[in-house]
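User: Give me a close look at one residue here, please, and then work outward from its spot to the rest of the fold. Keep it relaxed, but spell out your cut-offs.

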Amino acid sequence: MTSQSYKELEQTILFLEQELSDKDERLSLLKSDFDSNGKPLHALESVANSTDRMKIETELKDALEKVREKESDIQDIISNFEAFFNTIDDFLFVLDEMGNILHCNETVIKRLGYTLEELNGMPVLNVHPEERRNDALQIITEMLSGKSDFCPIPLITKQGKEIYVETRISHGVWNGKPALFGVSKDISKLKLSEEKFSTAFYLNPSACGLSEADSGRYVEVNEAFYRLFGFTKEETIGHTATELQLMPEKTRAAILSKADSLGRIFNEEAELRTKNGEIKRVLLSGQNIQIQDHDYRYTVVHDVTEIHKAKEKIEESEGKFRNLYESLSLAYLIIKDGVCIECNEAALEIYKADKKEEIIGKSPINYSPEFQTNNNKSSEEAKRHIKLAIEKGFHTFEWLGMRKNKEEFYAEVSLKKFYFKDQLYIQCLTSDITERKRVESELIAAKERAEESDRLKTAFLQNMSHEIRTPLNAICGFSAFLDDDDIDADRRKSYVQIIQNNSNQLLSIVSDVLTISALETKQAQINISKVCINDVIVELLAVFKQQASNQTVSLLAKRPLSDKQSTIYTDKTKITQILTNLLTNALKFTHDGFIEFGYLLINDEIEFYMKDSGIGVKPELHEKIFERFCQADKTIQINYGGTGLGLSICKGFVELLGGKIRVQSEFGKGSTFYFTLPYKPVSEMGKNTIKSDNPKG
């Protein structure tokens with residue numbers, strides 16, 4: 001309740017008291033002329049006649065009735081006053097000049113726990129704590145003399161509980177006698193609020209200050225203020241922020257202007273200077289508040305100097321990371337919930353994307369083929385790898401990626417999990433290893449070829465040892481028998497035949513070795529001449545017919561062109577050797593059935609073929625059998641012998657003559673070897689062309 005309210009209450013009480021006094025006086029005068037039955041106490045001798053007497057009696061009766069009405073009005077006024085008096089929540093006391101309680105409202109009775117009888121005549125000091133009654137008496141005396149505005153001493157209930165109040169005392173009149181009127185306002189909630197404010201103020205880890213709104217001078221600051229700025233209490237209280245040189249006056253004026261216009265400021269960034277000159281980066285918050293009818297400015301200063309330093313370091317670190325991140329030659333992706341949320345420029349390059357939006361927001365599966373090299377779905381493989389990365393923290397693996405243009409490439413992917421604000425993220429580094437894989441494949445293939453070559457050489461040497469020793473042993477052995485004079489002519493003749501056959505076999509082996517060596521070192525020569533292919537076919541048919549007959553194999557030859565048409569420019573020796581090697585192989589691996597050989601004219605090429613019903617060649621060995629020292633099966637050398645150079649020589653000669661060789665075969669059902677040569681008929685070639693093909697003539 002304000003001081004104006006207290007004055008209004010006091011005036012109301014005085015008015016009611018005066019009205020009550022006036023009415024009591026008039027009522028007393030009227031009652032003195034009549035008895036209890038309303039009859040006059042004095043004779044009315046001055047009345048001359050009965051008419052006058054009756055008139056006077058009527059007027060007296062009317063007056064008495066009015067007195068009775070006035071009594072009723074007085075009772076109503078008293079009743080209204082009490083009702084008004086008791087509806088006020090503040091503690092209302094009527095005291096005599098000695099400070100004893102004459103009257104009080106129901107708030108006093110209910111809140112303090114006394115009865116009206118107990119309170120009547122009780123010194124008002126008794127409703128204050130005993131140890132503070134002298135203080136209360138002194139303050140009340142000062143209030144009555146105008147030296148104090150109010151008394152802050154709390155009231156105390158009959159049970160001993162204190163109630164925080166602000167009490168104001170004023171002079172008045174009660175029942176026609178001088179009296180004191182006391183009004184005590186309950187400020188318990190305000191006190192609690194002040195205590196909360198005080199606790200928040202003094203225990204706040206941020207610097208807090210309370211200054212006068214008009215002058216800006218500090219009236220109170222907390223310990224955090226002293227610690228932050230280094231001033232003592234004596235240096236701070238009574239001074240302004242400008243006087244303490246916390247901030248320039250211009251800065252202070254700008255902040256205060258904003259605070260005055262808005263009523264408050266919140267987290268306003270500023271730089272403040274400490275006592276020793278150190279600059280502090282702070283966030284200022286302030287608000288205008290009112291305490292006991294005075295205006296103050298409450299300010300909170302939150303030191304963020306270290307936060308700013310940390311932020312600068314973070315920004316510096318982030319800048320370095322960003323530079324590194326963007327300069328990486330590896331594709332860098334950040335994945336959350338299976339979707340890319342960030343990528344660098346290298347990612348655009350590796351995936352051939354035009355902009356980051358083509359990658360961000362998509363799953364890496366969108367840049368992968370449907371299946372990986374292990375024939376598993378990319379989506380399932382991705383889940384498996386991510387799970388491993390989460391379990392182990394870090395996981396590296398090879399991946400088949402796909403660029404925007406659908407081109408597939410090999411990648412090495414490293415996944416690393418990390419957490420940010422309790423959220424799981426996956427860091428993905430991807431490098432294109434297509435070229436590395438190609439080189440690795442070539443190295444592996446070269447290694448395998450080298451190992452195979454080494455194996456073949458070993459097998460060849462072992463085979464050659466056998467192939468050479470066998471005829472040499474025969475030659476040496478049977479040559480020794482020729483010195484025996486006891487051998488008859490027929491036996492001597494058979495020995496000579498054996499020696500000749502083994503000599504030819506040995507010569508063939510040596511010839512094959514020399515030929516393959518010449519082919520390997522690019523020393524083989526081509527001798528071009530006129531060759532009638534039909535004649536070559538006929539000669540070979542004559543040479544091998546008897547051998548085929550001995551093996552119960554039908555030997556057939558096909559010559560679709562005339563002798564003139566089949567006469568071409570080529571190397572007769574090499575064609576003969578090619579066909580001889582193929583025929584020899586066919587007879588070696590065909591135990592019964594047939595062998596057919598010949599040629600066909602196809603466009604500008606002659607395609608020779610050698611078809612048999614022999615053991616055949618497995619599909620996976622169709623290319624391998626043309627390699628040097630190689631045979632289709634390890635058992636072939638054991639069962640059939642040979643050096644494994646025949647088909648390799650055939651391939652070398654065919655390619656030397658400008659053709660190609662191949663085989664069609666089904667294991668167990670025979671084989672057909674094909675090789676092509678350029679068709680250069682003599683009838684259409686001039687001498688210049690001949691010399692061009694065969695510079696040596």
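Analyst: Let's start with His103, which has its place in strand β2 (residues 101-104); strands here are DSSP runs of E, at least two residues long, helices are runs of H or I of at least four, and both are numbered from the N terminus. This is a predicted model, so local features need pLDDT of at least 70 and side-chain atom pairs count only at pLDDT 80 or more, while totals for chains, interfaces and linings use all residues. Residues are numbered from 1 along each chain as its sequence is written, and side-chain values use heavy atoms, with hydrogens and water left out.

Is His103 buried or exposed? His103 is buried, because its relative accessible area is 14%, and buried means under 20%, with exposed over 50% and partly exposed in between (1.4 Å probe, protein chains only). Leaving aside residues up to four places away in sequence, His103 touches Glu82, Phe85, Leu92, Phe93, Val94, Asn120 and Trp174; a contact means heavy atoms within 4.5 Å.

Now compare Arg132, in the loop between α4 (116-119) and α5 (133-144). Arg132 counts as partly exposed because its relative accessible area is 32%. With residues up to four places away left out, Arg132 touches Ile153 and Pro154. Pro154 is 22 residues from Arg132 in sequence, yet their C-alpha atoms are 8.9 Å apart.

Zooming out, the protein has 19 helices and 23 strands, and 37% of its 697 residues count as buried. Of the contacts between residues at least 6 apart in sequence, 51% join residues at least 24 apart. About 41,700 Å² is exposed, with carbon and sulfur atoms supplying 52% of that (Shrake-Rupley method, 1.4 Å probe; for residues, only the protein chains shown count as cover).

Where are the nonpolar cores? By a core I mean a set of buried Ala, Val, Leu, Ile, Met, Phe, Trp, Tyr and Cys residues joined through side-chain atoms within 4.5 Å. The largest one has 42 residues, and Leu579, Met610 and Phe675 touch the most other members. At least two residues each come from α15 (533-550), β18 (553-558), α16 (572-589), β20 (593-602), β21 (605-612), α18 (646-656), β22 and β23. α16 gives this core its largest share, 7 residues. Apart from this core lies another, of 23 residues, with Val108, Met143, Ile163 and Val165 among them. Back in the largest core, the residues that Met610 touches, not counting those up to four places away in sequence, include Leu579, Leu582, Ile595 and Phe673.

α15 deserves a moment. Its 18 residues reach 26 Å from first C-alpha to last, close to the 26 Å expected at 1.5 Å a residue; the expected span is 1.5 Å times one less than the number of residues. There is still a bend of about 40° at Phe544, taken as the angle between axes fitted to the seven residues ending there and the seven starting there. Phe544 is also one of the buried residues of α15, along with Ile533, Asn534, Val536, Ile537, Leu540 and Ala548. The buried residues of this helix pack against β17 (529-532), β18, β19 (567-570), α16, β20 and β21. Just after α15, Thr552 takes a positive phi of about 55°.

Then there's the hairpin of β22 and β23, with 5 residues between the strands and Gly668 in the turn at a positive phi of about 85°. β22 (residues 661-665) joins β23 (residues 671-678) through 5 bridges, running antiparallel; strands pair if DSSP finds at least two bridges between them. Ile661 stands opposite Phe675, and Arg662 opposite Tyr674. The side chains of β22 alternate: Ile661, Val663 and Ser665 point to one face and are buried, whereas Arg662 and Gln664 point to the other and are not. β23 is mostly covered, with 7 of its 8 residues buried. β21 also runs antiparallel to β23, with 8 bridges, and Glu605 has Pro678 of β23 as its bridge partner.

Last, two loops. Asp337, between β12 (331-336) and β13 (339-343), has a positive phi near 55° without being a glycine, and counts as exposed because its relative accessibility is 68%. Lys406, between β14 (394-402) and β15 (408-420), has a positive phi of about 75° and is exposed, at 60% relative accessible area. Most residues other than glycine have a negative phi.
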